[in-house]
Amino acid sequence: MTRNLTPVWLVLAHWCFAAAALAGPADKRLDIYWIDVEGGAATLLVTPAGETVLIDSGNPQRRDADRVLKMVGDAGMKQIDHLIITHYHGDHFGGATLLASLIPIRNLYDNGQFDNMPDNPGKAYFDLKADAKHVVKPGDLLPLKQLEESSASQLSLRFLGGKQKFIDPPADAADNATVCAASRAKERDGSDNANSLVMVVTFGGWRFFDAGDLTWNQEARLVCPKNLVGQVDVYQVTHHGLDSSNNPLVLQTLEPRVAIMNNGMRKGCLPEVFANLKETKSLEAIYQVHKNLRDDGAANNVADDYIANKEPESACKGNYIKLSVAPDGKSYTVSIPTNGHERIFETR
Ligand SMILES: [Zn+2]
């Protein structure tokens, strides 16, 4: 009896599978998801040509790997084509080993093993299963597939730096003396944060900046004396909104319109960072993965509409923030599907 039904189920299964598989890339948009990994980082890109790029992998718990898997599946994808680990702290590399046992990882990009590593992710991480492993050098480009139509916007992900080495200033890099005059150093960060990979994603004229947990004094080197980054549309708030990062020199130079903070309920979203973000005149909107539930939350939160998760620990549903860039790169939509928020921004 079951055998007689099989062809029907097969047809249905094929149809469902095909529909799901098309959900991500078919619309020729670049989609980015800030997956809630509770104060860690896991930023998933689904490209117009149907590839996935995961920047950081959340914490080691099953919870985070499951959230990444669900997001990849919900986007209609089946593998991680490019996994980028910005640096060797557990809230960034922690989920990678487990993830690699659950879903194919084609390419891994990181700082490799180097002398005097301040934080060693350990053998299990360096042994994780991936088809190819790449040690990033400043200036490297991710080999991303492009849509074949000649009119399609070009997509690129370029590393500007890592291990405290940065690209040479581009020939047209602006001299940044006015902004840099306000430069002040902060206590040196001896951990691996300072070694974070720094990257810019470009789609047509649209640009997104992700510097992992790069710390204050290294951030200054990105924009002083010359601006190595250019301007961007979207700024992933560095280091979850902690004040050992987010040097205002960077904000004033990059002039982002939208900032997205992957903070936790009690991590990041610190008063100094919040004040600097609010003083950044170019910013039109700030988003938070979590509401800051600390005592300083009254002063240091955006409007509820712009926050993906407002509940305390036990009730957190792990909602994500989605950003979707139009095929021509000229506008983008930021949404929080679970609360109905959706806002369109023009590319700068
Ligand atoms: Zn972190």
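**A guided tour, from an exposed loop to the zinc site**

Begin by selecting Arg-188, which is found in the loop between helix 6 (177–180) and strand 9; helices here are DSSP runs of H or I with at least four residues, strands are runs of E with at least two, and both are numbered from the N terminus. Arg-188 counts as exposed, with a relative accessibility of 71%, where exposed means over 50% relative accessible area, buried means under 20% and partly exposed lies in between, for a 1.4 Å probe and protein chains only. If Gly-318 is selected as well, the two C-alpha atoms are found to be separated by 33 Å, with these positions 130 residues apart along the chain.

The model is predicted, so local features need pLDDT of at least 70 and side-chain atom pairs count only at pLDDT 80 or more, while totals for chains, interfaces and linings use all residues. Residues are numbered from 1 along each chain as its sequence is written, and side-chain values use heavy atoms, with hydrogens and water left out.

**The zinc site**

Select the zinc ion next, together with Asp-91 (OD), His-92 (NE2), Asp-213 (OD) and His-240 (NE2), which coordinate the ion at 2.0 to 2.2 Å. Donors are N, O and S atoms within 2.8 Å of the metal (3.2 Å for Na, K and Ca), and because water is not among the atoms, a site may look incomplete. Along the sequence, the donor residues follow the spacing D-H-x120-D-x26-H. Asp-91 belongs to helix 3 (residues 90–93), whereas Asp-213 sits in the loop between strand 10 (206–210) and helix 7 (216–223), so this pair ties together parts that are 122 residues apart in sequence. Both aspartates are covered: Asp-91 is buried at a relative accessible area of 12%, and Asp-213 is buried at 2%.

From Asp-213, move to helix 7, where six of the eight residues are buried, namely Trp-216, Gln-218, Glu-219, Ala-220, Leu-222 and Val-223.

**The open sheet and its helix**

Now display the open sheet of eight strands, whose order is 8-7-9-10-11-12-13-14 and whose pairing is mixed; two strands pair if DSSP finds at least two bridges between them. At the edges stand strand 8 (165–166) and strand 14 (307–309), each with a single partner strand, so one side of each is left without a neighbour in the sheet. Strand 8 pairs with strand 7 (residues 155–162) in the antiparallel sense over two bridges, and Phe-166 in strand 8 is the bridge partner of Gly-161.

Helix 9 (residues 271–279) lies across strand 11 (234–236), strand 12 (258–261) and strand 13 (285–290), and runs at about 150 degrees to strand 13. That angle, on a scale from 0 to 180 degrees, is taken between the N-to-C directions of lines fitted to C-alpha atoms, for helices over the stretch in contact, and contact means heavy atoms within 4.5 Å.

**The two cores**

The largest nonpolar core has 68 residues, and Ile-84, Trp-206, Phe-209, Leu-277, Tyr-287 and Leu-323 are those with the most contacts inside it. Such a core is a set of buried Ala, Val, Leu, Ile, Met, Phe, Trp, Tyr and Cys residues joined through side-chain atoms within 4.5 Å. Strand 9 (residues 198–203) gives the most to this core, with five residues. With neighbours within four places in sequence left aside, the contacts of Phe-209 include Val-198, Val-200, Leu-222, Val-234 and Leu-254. A second, separate core of 30 residues includes Val-72, Ala-96, Ile-105 and Phe-114.

**Strands 4, 5 and 6**

Select strand 5 (residues 105–110), of which five of six residues are buried. Strand 4 (residues 80–84) runs parallel to strand 5 and is joined to it by four bridges, with His-82 partnered by Asn-107 in strand 5. Strand 6 (residues 132–135) is also parallel to strand 5, again through four bridges, and Lys-133 in strand 6 stands opposite Leu-108.

**Strand 1 and its partners**

Finish at strand 1 (30–34), where five of the five residues are buried, so it is largely enclosed by the rest of the structure. Leu-30, Ile-32 and Trp-34 lie on one side, with Asp-31 and Tyr-33 on the other. Strand 1 is joined to strand 15 (residues 321–325) by five bridges in an antiparallel arrangement, and pairs with strand 2 over four bridges, also in the antiparallel sense. Asp-31 can be followed both ways, since its bridge partner is Ser-324 in strand 15 and Val-46 in strand 2. In the loop between strand 1 and strand 2 (43–46) is Ala-42, which counts as buried at 2% relative accessibility.
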